[in-house]
Every structure is written in structure tokens, then in C-alpha cells.
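Colleague: I'm new to this one. Could you walk me through a few spots in it?

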Amino acid sequence: MVDLTGTNDVPNGSTAVAMGLFDGLHYGHRTVIKKALDIAAEYPGIDPAVFTFDTISVTSKGSGGVEYILSRDTKFELIDGLGVRYIYSPDFMNFKDLSGEEFVELVLCDKLAAKFVVCGEDFRFGTGASCGTDELDKLCRKHGIRIFVVPPVREVHGHRISSTMIRRLINEGDIETANMLLGSHFSFRLPVAYGRQLGRTLDFPTINQYFPKKQVMPRFGVYASKTEVRGNVYRSITNIGVKPTVGSEAPIAETYMIGFDGSDIYGEMVRVSLISFVRPEMKFENTEELKKQIASDTEAVKAIPESRYRNIEVRK
């Protein structure tokens, strides 16, 4: 996938552009992108593209911003995996004052060479989000661009789907439902930080990863997880919280990988994907009790069927 952001590059030919914030890249978002992919497959010489603002740059009234579900890197990785050829993801603040006509001309025509545009019913653009799909259709017609408006996917298996709902589910620890709505396991890819190395003294060496600001925060507690290190995937146990038994100055993900050889991976970027919630965070009287609980958690994670760790395939 070619990233056009921050460059003067443009597509080699014309494109079918899927537009949206795509902050969680959930099932509804993927439906919009799939339509652009289908159009590109139908019309020779058309490449699929995505226009999406950098989530962390988007502000919302009264909140000072949007907690992101996916980091920029993860969002790009997943979009690339769908088969998108081009992506353009600028900072929202640099575009928020464009009129609707300026947006169509500068973004869709000049930057993305769009011949087709796909969006959801609630897509807004232009100064103060003053334009919707009707205005988009009128402006695009002037430039010979055809638009497709995709109806919202409101439910998956009886669950209402929205980025707001997914954030709430993650906050509450209902990671299995969140994963189903996302269409993939909720994950974070963060550098491994130095810790107290207490886990090694308990025979359960762990990696520590600090959550950045604006990252949606899962409920504090222990999760079954899978961790990718140097091309290998391990079943793992991840404790998210402030480590009440030994103390931590900030929310942290502490992960024990079953079968990992304990190689030095400090500073490396490691992806942890959450599979299911095991138990709330607990404070123990001493480290011996903590060690027994970690052993118990390890056995619980080992008992989870392998199918739960596989990539999620969502069907409406």
C-alpha cells in the first residue's frame, strides 16, 4: 500500500476512494472500504484508495479529542491487508477549515484522482462539518465523480455496532464482544519498557508496555492474549492496570508469554492482542500469593480452545 500522506505523490491512475474516520476499522467501516474495492475490481484502470484523517488529530466538542481504538500503524496495517492500493491520512487540523468545494477539488480531484467515492450515510466534511452526502454528490458531479453511499451496518449478531459502543465494551472489559464488532482482535503495538524484573524472580518473566495518551483503556484486569515477537506468536497472559501488589506509576500492560525463551527484547515494538477477560485486577498480600495466581491464570489460558486465538471472520 502506498502512503501519500505528507508527500507530493499522487496515484498513477484514477481511484475509487473510501472515505471515513475508520477509527476502529470495525465491520461497518470495512463495508465501506469493501465497496471501493469492489468498484476498483469492476472498472479497469481504477485503484482502490482510502481517505481517512489521522484519528489522534481529530477533536470533538467537549472532549478534547477522540480516544483511538487503533494506532495509526495498526490502522494502516489492517487497511493494507484488505487490499487497498493508496491511503491518504492527513492531520484533521490542516483541513478543518476547507469549504466543501475546496475539499472535493484539493483532496478528491488533485490529490487522489478520484473517479468514484464511497462513504457512509453520516459522512460530513467542509467547514464546521457543514456538508453531507447530498452536497458531496452535487460537488462531485461537477468533476465527473460518481458517489456511492453505503447504508450503515447497525448490528452484528444482535449487537449494535459503532466506534462509541466498541470503546465502551473495551472500557468494561467485554473484549470478546468488542473483537466481534471490530472483526479482529483488539491489539496494541508498543515498545517494551524496562521494569522491575520482578516476574523473573517469580519464574514468570514478563514484558512491560506503557499505554500512550489517547489510547482507549481496557478495564483493569487479567486477559488471555496472544503476543507477536520476532515473527513468532505466543499464547500469553496480560495484566492491565497499575500492579497494585508491587505498585506502578501509570497504567501498564504486563504480559507473560507461555513458552517464550526470555530473550532480551527491551525497546522492541511488540504486538499484544486481547482474546478474553480472565479476572479483575487484584492485590495480593505477598509475592508468593501472586506467583500462585499467575500459575492458575496460566492454566486457565492454556485451556482456551485454539480456535479462539485465530483471526476473526465476521459475517453479518
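Colleague: Which strand holds Q209?

Modeller: This is a predicted model, where local features need pLDDT of at least 70, side-chain atom pairs count only at pLDDT 80 or more, and totals for chains, interfaces and linings use all residues. Residues are numbered from 1 along each chain as its sequence is written, and side-chain values use heavy atoms, with hydrogens and water left out. Strands here are DSSP runs of E, at least two residues long, numbered from the N terminus. Q209 sits in residues 206-210, which is strand β10.

Colleague: Is Q209 buried or exposed?

Modeller: Buried means under 20% relative accessible area, exposed over 50%, and partly exposed in between (1.4 Å probe, protein chains only). Q209 has a relative accessible area of 0%, so Q209 is buried.

Colleague: Which backbone oxygen does the Q209 side chain reach?

Modeller: Q209 touches several residues (heavy atoms within 4.5 Å), among them F188, P191 and V270. Its side chain also gets to a backbone oxygen at 2.9 Å, and that oxygen belongs to L190.

Colleague: What stands opposite L190 in β14?

Modeller: Two strands pair if DSSP finds at least two bridges between them. Strand β9 (residues 187-191) and strand β14 (residues 269-280) do that in the antiparallel sense, over five bridges. Opposite L190 in β14 you find V270.

Colleague: And over how many bridges do β11 and β14 pair?

Modeller: Strand β11 covers residues 221-229. In β14, L274 stands opposite S225. The pairing of β11 with β14 is antiparallel, and the number of bridges is eight.

Terms used:
Helix = DSSP H or I, 4+ residues; strand = E, 2+ residues; numbered from the N terminus. Polar contact = N/O pair within 3.5 Å; in protein donor to acceptor, adjacent residues only side chain to side chain. Lists of a residue's contacts leave out its neighbours within four places in sequence.
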